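This report describes a ligand site and a few backbone features. Please look at the sequence and the model before reading on.

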Amino acid sequence: MNQLVKSKIEGIGKAIPSRVLTNFDLEKMVDTSDEWIIKRTGIRERRILAEDELCSDLAVKASLSAIENAGLTPADIDLIMVATVTPDMPFPSTACLVQSKIGARDIPAYDFSAGCTGFIYGLIMADNFLKTKYCNHVLLVGVEILSRIVDWEDRSTCVLFGDAAGAVVVGNSNNDSGVLSTYMSANGSLADLLYMPGGGSKFPATKESVENKLHCLKMEGNEVFKAAVNAMKESALVALDRANIKKEQVDWLIPHQANIRIIDFLRRSLKMPEEKVVVTIDKLGNTSAASVPTAMAVAVEDGRIKEGDLVLLVAFGAGFTWGSVLLRW
Ligand code: UT7
């Protein structure tokens, strides 16, 4: 019988650009204040990728760190997926560029777009590739260079976002650790609340498209906020229910880092103490598909997440998309 196997995270890594952009720096760029940004979002600073570096470069750094952490080499990787809305270019995929730059074998490599839920979507795809024994080691990267698509004159969005990459290697589990339950969903009727209109086939680049800033991220923050709190709560509860795990049993909540108020709402819904929630938004801002894996990498590296811990990952983003993964570390 072709028995389903369980997948687990074998290695994890992150890459954070060195340049820090603080709220005080932003005060000099747009009509905003450190006080407003902290109070409304929880963000104090974010990281910006150096001008001569690419999305694929940051993805490579996180990937090599995750592969090393797994005790593997690039030659062991069987498939590469990159979750991003800010690839180096529309095609070829950033995943193919990563494959070449890390010196992996000729293996499948592709990007996909699920906004800030990208890492969750990718982990669920990796889990299924592993379960069906299609491959043994999947490299999954969540990477965003949002500083390159933000309108730096729009105070309602430019204060929110940053650049980062997080990566994991997903492999087979032969013990209790691994993915216990998953959930993913989407609702495309709300697409125009968070989107970048230009750059695709609808609005190819023209002088007008550039002048009208169609190649920048647009967001109706208030509406996105309302949808996010509901979808994040639903996602968390479905993953717990599917694994028959009570919320009190969860050791670590790792939510998408969009706004500390959304994170707090989710935490209170789950009746979790603050100490059990991994928060990076103060230092990194919203890094979209990179936010969950980088937060997880931080908590693994600083020793908070230990073997056997129950970890709940939850995200919501453009699409709208949302989802969750419950796993035992
Ligand atoms: O990652 C994918 C999912 N994304 C999210 O989940 C983001 C969800 N949305 C949010 O996090 C929040 O809606 C924001 C942080 C984007 C905005 O916070 P808000 O409390 O919803 O503020 P608001 O948009 O209702 O704006 C309140 C006021 C407005 O002024 P008036 O109209 O009351 O005079 C804005 O013009 O704050 C003003 N404002 C600012 N003031 C200073 C907006 N941005 C700024 C700013 N600095 N940067």
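The text below covers the ligand surroundings, then the backbone.

The model is predicted. In it, 24 residues surround the ligand. Thr32, Arg40, Asn222, Asn259 and Asn286 are the closest of these. By residue class, the shell holds 12 nonpolar, eight polar and four charged residues.

Both domains take part in the shell: domain 1 (7-175) and domain 2 (179-328) each give at least three residues to it. Among secondary structure elements, helix H2 (34-41), helix H6 (155-158), helix H8 (221-243) and helix H9 (260-269) each contribute at least two shell residues. H8 has the largest share, with five residues.

Three polar distances between ligand and protein are listed here.

| Residue | Protein atom | Ligand atom | Distance |
|---|---|---|---|
| Asn222 | polar side-chain atom | oxygen | 2.7 Å |
| Asn259 | side-chain N or O atom | oxygen | 2.7 Å |
| Arg155 | polar backbone atom | nitrogen | 2.9 Å |

On its own the ligand has 950 Å² of accessible area, and the protein covers 72% of that. The space that the ligand takes up is the largest pocket. Asn222, which has its side chain 2.7 Å from a ligand oxygen, falls within the range of H8 (221-243). Arg155 makes its approach to a ligand nitrogen through a backbone atom, and its number lies in the range of H6 (155-158).

The remaining points concern the backbone. Which peptide bond that ends in a proline is cis? The bond from Phe91 to Pro92 is cis, and its omega is near 0°. Pro92 sits in the loop that runs between strand E4 (79-83) and helix H4 (94-102).

Another cis peptide bond links Gly319 to Phe320, with omega about -10°. Phe320 belongs to the loop between strand E12 (310-317) and strand E13 (321-328).

Lys213 is a residue other than glycine with a positive phi, near 55°. Its place is the loop between helix H7 (207-211) and strand E10 (218-219).

Note on methods: Residues are numbered from 1 along each chain as its sequence is written. This is a predicted model: local features need pLDDT of at least 70, side-chain atom pairs count only at pLDDT 80 or more; totals for chains, interfaces and linings use all residues. Side-chain values use heavy atoms; hydrogens and water are left out. A residue is near a molecule or strand if one of its heavy atoms lies within 4 Å of it. A polar contact is a pair of N or O atoms within 3.5 Å; within protein, one must be able to donate a hydrogen and the other to accept it, and residues adjacent in sequence count only if both atoms are side-chain atoms. Accessible areas come from the Shrake-Rupley method with a 1.4 Å probe; for residues, only the protein chains shown count as cover. On a 1 Å grid over the protein atoms alone, a cavity is a set of points where a 1.4 Å probe fits but cannot get out, and a pocket is an open set with protein on both sides within 12 Å along at least five of seven lines; lining residues have an atom within 4 Å of a point. A molecule sits in a cavity or pocket if more than half of its atoms lie within 2 Å of its grid points. Helices (H or I, at least four residues) and strands (E, at least two) are DSSP runs, numbered from the N terminus. Ala, Val, Leu, Ile, Met, Phe, Trp, Tyr, Cys and Pro count as nonpolar, Asp, Glu, Lys and Arg as charged, and the others, Gly among them, as polar. Domain bounds come from an automatic or database domain assignment.
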